[in-house]
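Please follow this walk through a protein model, which moves from a surface loop to the interior and then to the overall fold.

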Amino acid sequence: MGDRHYPDGILLGRARVPGHEHPRIVTVRDGELVDITARGLATVRDIAESGNGAQHVRNAARTSLGSADAALANSVAASSDMSKPSLLSPIDLQAIKASGVTFVVSLLERVIEEQARGDKARADALRGEILGLIGTDLSELVPGSDTAMKVKAALIERGVWSQYLEVGIGPDAEIFTKGQPMSSVGYGAEVGLHPVSSWNNPEPEVALLVTSKGEIIGATLGNDVNLRDVEGRSALLLGKAKDNNASASLGPFIRLFDGDFTLETVKQSEIALRVEGDDGFVLEGHSSMNQISRTPESLVAATIGGHHQYPDGLVLYLGTMFAPVKDRDGAGKGFTHKLGDVVTISTSELGTLSNRVNLSTKCPPWTYGASHLLRDLAKADLL
């Protein structure tokens with residue numbers, strides 16, 4: 001990938017292109033951003049549902065939009081030139097879903113640290129008890145298994161059970177709606193924090209593109225912007241904590257599966273996070289997909305199937321093992337965002353997703369929905 005913000009492979013995205021009222025479907029070929037919008041295949045949804053999306057993207061007739069690097073540079077909200085192409089979120093009509101508490105290692109370590117209240121000896125004792133039950137290491141704990149249920153019983157006995165541990169090691173995954181179709185933002189856009197929040201963080205994740213039949217056909221990067229104080233008050237406030245204007249970021253492109261890039265590649269991804277503030281603060285971290293406790297396939301199966309259908313498909317955030325604890329404004333104060341923070345999420349397989357933090361009330365309002373898209377496509381005779 002080098003210094004580029006996108007990888008090699010079969011890339012699928014959307015762009016705002018001057019002269020067109022509706023988003024255009026784009027890919028990258030030989031460093032060029034190219035328009036492959038076609039009648040009947042004028043949405044990412046239709047390409048995903050076609051049954052041969054990767055082949056179509058690879059071979060579709062194209063119109064050059066210039067350098068892909070230039071389009072990415074022009075996608076940065078603060079300096080975007082409306083007379084030139086810029087990227088949008090790479091999905092359109094898909095539902096935007098997310099899974100939570102999918103990394104048992106980080107979850108149990110946080111519980112251990114909380115229970116120990118800074119006492120290393122107590123932490124070691126509790127960790128030793130859990131390891132005694134598991135017989136190996138925390139990464140081997142399979143949610144819903146007999147061993148997991150024994151750990152659950154031991155933690156309940158110690159008075160540390162919680163709703164997060166239930167979905168972390170219990171039989172059922174946490175699946176929630178992150179945002180409505182057409183509400184996500186893309187590379188370079190501002191991401192939004194609800195103004196009531198004073199404790200919040202980014203969540204660097206891989207998100208899967210899933211068809212209406214439940215087939216996983218590609219992946220992209222995502223920032224599942226999170227309000228820790230709101231959700232911490234009550235899990236029933238999850239909607240307020242997770243679904244706000246510009247709170248779901250995806251991009252820069254969907255990379256479709258082919259012979260070189262598969263779901264197995266995703267499972268081995270190392271996701272890097274960097275937050276840079278106007279105050280000079282820098283936070284770095286990572287999330288290793290090989291530490292995920294529930295397989296991506298099981299998370300997709302918990303989302304779509306006989307119990308729930310998505311006729312336009314969906315994108316599913318897979319969760320993160322990263323929980324920022326670096327002090328920002330003094331010892332013991334932990335991490336929270338400040339307006340102007342630049343959040344950069346990257347992997348060699350999926351590229352780089354970068355966004356600047358603002359209040360959800362100050363980010364551009366979401367005004368272009370599914371009805372607007374379909375009307376514009378009908379007007380252009382592309383349906």
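D30 counts as exposed because its relative accessibility is 81%, where exposed means over 50% relative accessible area, buried under 20% and partly exposed in between, with a 1.4 Å probe and protein chains only. D30 is placed in the loop between β2 (24–29) and β3 (32–35), and its phi is near 50°, a positive value in a residue other than glycine. Most residues other than glycine have a negative phi, and most peptide bonds are trans. D381, in the segment after α12 (370–379), also has a positive phi, near 55°, and with a relative accessible area of 48% it is partly exposed. Helices (H or I, at least four residues) and strands (E, at least two) are DSSP runs numbered from the N terminus.

The model is predicted, so that local features need pLDDT of at least 70 and side-chain atom pairs count only at pLDDT 80 or more, while totals for chains, interfaces and linings use all residues. Residues are numbered from 1 along each chain as its sequence is written, and side-chain values use heavy atoms, with hydrogens and water left out.

Turning to the interior, the largest nonpolar core (buried Ala, Val, Leu, Ile, Met, Phe, Trp, Tyr and Cys residues joined through side-chain atoms within 4.5 Å) has 57 residues, of which L33, V206, L208, F253, V266 and L318 touch the most other members. Apart from this core lies another, of 25 residues, among them I10, L12, A48 and L238.

F253 also takes part in one of the 3 aromatic pairs found in a search of the whole structure; rings of Phe, Tyr and Trp (its six-membered ring) pair if their centres lie within 6.5 Å, and planes under 30 degrees apart count as stacked, over 60 as edge-to-face and the rest as tilted. Y6 and F253 form an edge-to-face pair, 6.3 Å centre to centre with 85° between the planes. Because Y6 lies in the segment before β1 (10–16) and F253 in strand β13 (residues 248–256), the pair ties together parts that are 247 residues apart in sequence. Y6 is buried at 3% relative accessibility, and F253 is buried at 1%. Strand β13 also holds P252, which a cis peptide bond with omega of about 0° joins to G251.

As for the whole fold, the protein has 12 helices and 18 strands, and 54% of its 383 residues count as buried. Along its principal axes, the C-alpha trace spans about 65 × 45 × 40 Å.
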